[in-house]
Amino acid sequence: QADRRDRCTHVLFLAYQSFGLAFGDLSISPLYVYKCAFYGGLRHYETEDTMFGAFSLIFWTITLLSLIKYMVFVLRADDNGEGGIFALYALLCRHTRFSLLLNQQAADEEISTYYGPGDANRSLPSSDFKRLIEHNKRSKTALLLLVLAGTSMVITIGVLTPAVSVSSSIDGLVANTNLKHSTVVMIACALLVGLFVLQHRGTNKVAFLFAPIMILWLFSIATVGLYNIFKWNPSVYKALSPYYIYKFFRDTGKEGWLSLGGILLCITGTEAIFAELGQFSAKSVRFAFCCVVYPCLVLQYMGQAAFLSKNFSALPTSFYSSIPRLACMSLAFVTTWLMPLIINFVWNRHLVFSILFTILFGTIELVFVASSWTKIPHGGWITILLSLLFTFTTYVWHYGNRRKYLYDQHNKVPMNTILTRGPSLGIVKVPGIGLIYTELASGVPATFTHFLTNLPAFYQVVVFICSKTVPIPYIPQKERYLIGRVGPKTYRMYRCIIRTGYKDVNKDGDDFEDELVDSIAEFIQLESEGSGSNRDRSAHDGRLAVVKTSNKFGTRLSRSISDANIAGSSSSRSQTTVSNSKSPVLKRLKAEYEQELPKLSMRRRFQFRPMDTTFRQPQVKEELFDLVEAKDAEVAYIVGHGHVKAKRNSTYAKQLVIDVAYSFLRKNCRSPAVMLNIPHICLIKVGMNYYL
């Protein structure tokens, strides 16, 4: 019972926070829905049935789309608690072969969060429809473009919605004053600046701050709605019947259909609720919406309809741009087209259920989309232009990166070339570790041989690092590193694949080098224990192992620390190295290595005694000491600095995309060294020419 009470308390707390973040746009929509709906020719239909019909449309739009579609169906399609267009696409990519990313591996499916608890039926045979999409590149490209278009609409909404919402709110507050429009604009700008400054404080603080304000707002508009119902027109409850929708279109005709562009504003922000799901939980969002937001909005819209049915002159004649909300309806339409794929391929429901979902909600939204698109000549083109611009930008970035990856894959160095060079690789090896960053998840990149050709010397330990994104929101820290060996053991070449989720933030800092060396050391131990009689064979088949960077390796060694005054001055370099290392495992390896050198002494001596088979194999001990010696000497980061050009025989369109658009994005985006948080003093850039 105590656990159940704690869970309920947690849900209520998240529901409280959700008012300040997830329901903002939806809660303030009553400020402008009616005045936008009755803008234009609908102002000439000042009858009670017309007003009741408008309210009936609002009520059933919120009920069918916000309540049933999103609260019942869409919120179930979360990706490990995350929502939004990308979450739906990630779900599809994990359960199908729709992804166009080329560095995905079978080992990624072994991540604990890759499949959810309800994915027990993922081994079912594929349907013909699923195989048709998987084997058709154009279908997968079209799906990607749909997702990018939806994401671009989210950005467009973020650009336009705050200005419209705040200006409409301020205009309503000063409607009966003599303030000029320029003053209203200045007040709105000041509020917008203040809101964006507050966002710097973090999502939790903003949500906690605005939650009581939004709760007070919702209960206030609900109270006002009840007052208007009983004072002006108690019979407005009849408009809950969809019959009034029929009467509305029968009486208003084309003007009624055009007014749907204003009616759809009542669901503005519904998609944002799904997108913000990761900040809360599905239960908390459902509770907040069903118990507070939905009834308060219904009462407010009903109260406005009761008041306006007796006071038609109170309808504002000014039109405060309903340009966004076009983006909102188009975004909801994208979600409607992705959900049938989720129902069929992720939830493994029959295709009939997907068709029914599309017919029920797609038909309703198609009517709204068609109506909202009539606003394009009157300013709606701004939404289309921004969405197309963002879609083009994101697709060009994807296309250029894909072509660059294919070029790297085609020009990677054959393994036989590495093997024929011998363990020394035909170069002079210097102490240290060389971390070569590449997008390839397998093979040796051309950057490596290009470096050796120009500078025939390299570090004694080589690690090829591939930092890639997996279609999962977050990856547990202990499953981040995938370690393998490149070439025989004597080559001292390794591969490390760092896997991050699409919502993970790169936090590689001072601990990264220690974590990397720990992971490689753990891999060496696991390899020696698991290979049995074949442990001496060359391990250059590209096999990788998940190394969980917990204390598993550290528990195999017992440590005793003794303070000793040893004759001779201690090496300041060794003192600094050991004390500055934040990894206990690395400290132990370094201490063991330093004990092997008779001339080195320490003020604090770390002594080891092997537990089980830790150092019973001399070659394992030697390899571990080589690793520690290299880490103790120097760590350098080698990153390719590519110059991208389209092939000479490419079409004009491709040259325009690669030479102009993609090159412009590469030059004006953060460099890989910044994104990977590479220390500038340890960075080495290798020039490469890419002809895509």
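**Group meeting: a sheet, a helix and a surface patch**

Okay, let's start with one pair of residues: Thr-469 stands opposite Thr-500, and Thr-500 sits in strand β4. Keep in mind as we go that this is a predicted model.

So what's around that pair? Strand β2 covers residues 457-470 and β4 covers 493-501. β2 and β4 run parallel, and 9 bridges join them. As a quick reminder, strands in a sheet pair through backbone hydrogen bonds, and that can be parallel or antiparallel.

Now zoom out a bit. These strands belong to an open sheet of 7 strands, and if you read across, the order is β5-β3-β4-β2-β1-β8-β9, with mixed pairing. Which strands are at the edges? That would be β5, residues 544-547, and β9, each of which pairs on one side only. On average, neighbouring strands here are turned by 30° against each other, if you ignore direction.

Next, have a look at helix α19. It lies across β1, β2, β4, β8 and β9, and against β9 it runs at about 115°. Which residues of α19, spanning 446-454, are buried? They are Ala-446, Thr-447, Phe-448, Thr-449, Phe-451 and Leu-452. And what do those buried residues pack against? Quite a list: helix α18 at 415-421, plus strands β1, β2, β4, β8 and β9.

Let's go to the outside for a minute. There's a nonpolar patch on the surface, formed by Phe-129, Leu-132, Leu-351, Ile-355 and Ile-359, and together they have about 450 Å² of accessible area. Two helices give two or more residues each: α6, which is 128-134, and α16, which is 351-372. Which one gives the largest share? α16, with 3 residues. If you're wondering how those can line up, an α-helix has 3.6 residues a turn, so residues three or four places apart point the same way.

One patch member to click on is Phe-129, over in helix α6. Is Phe-129 buried or exposed, or somewhere in between? Its relative accessibility is 36%, so it counts as partly exposed; the in-between class runs from 20% to 50%.

Last, the whole chain. We've got 25 helices and 9 strands. There are 692 residues, and 49% of them are buried. If you take the contacts with a separation of 6 or more, 86% are between residues 24 or more positions apart. And the accessible surface comes to about 33,700 Å², with 59% of that belonging to carbon and sulfur atoms.

That's my tour, thanks!

How values were computed. Residues numbered from 1 in each chain as written. Predicted model: local features only at pLDDT ≥ 70, side-chain atom pairs only at ≥ 80, totals over all residues. Heavy atoms only, no water. Buried < 20%, exposed > 50% of the residue type's maximum accessible area, 1.4 Å probe, protein only. Helix = DSSP H or I, 4+ residues; strand = E, 2+ residues; numbered from the N terminus. Contact = heavy atoms within 4.5 Å. Patch = residues over 30% accessible without salt bridge, like charges linked within 9 Å, V, L, I, M, F, W, Y side chains within 5 Å. Areas by Shrake-Rupley, 256 points an atom, 1.4 Å probe, with all protein chains shown as cover. Salt bridge = Lys/Arg side-chain N within 4 Å of Asp/Glu carboxyl O. Pairing = 2+ DSSP bridges. Axes fitted to C-alpha atoms, helices over the stretch in contact; angles between N-to-C directions.
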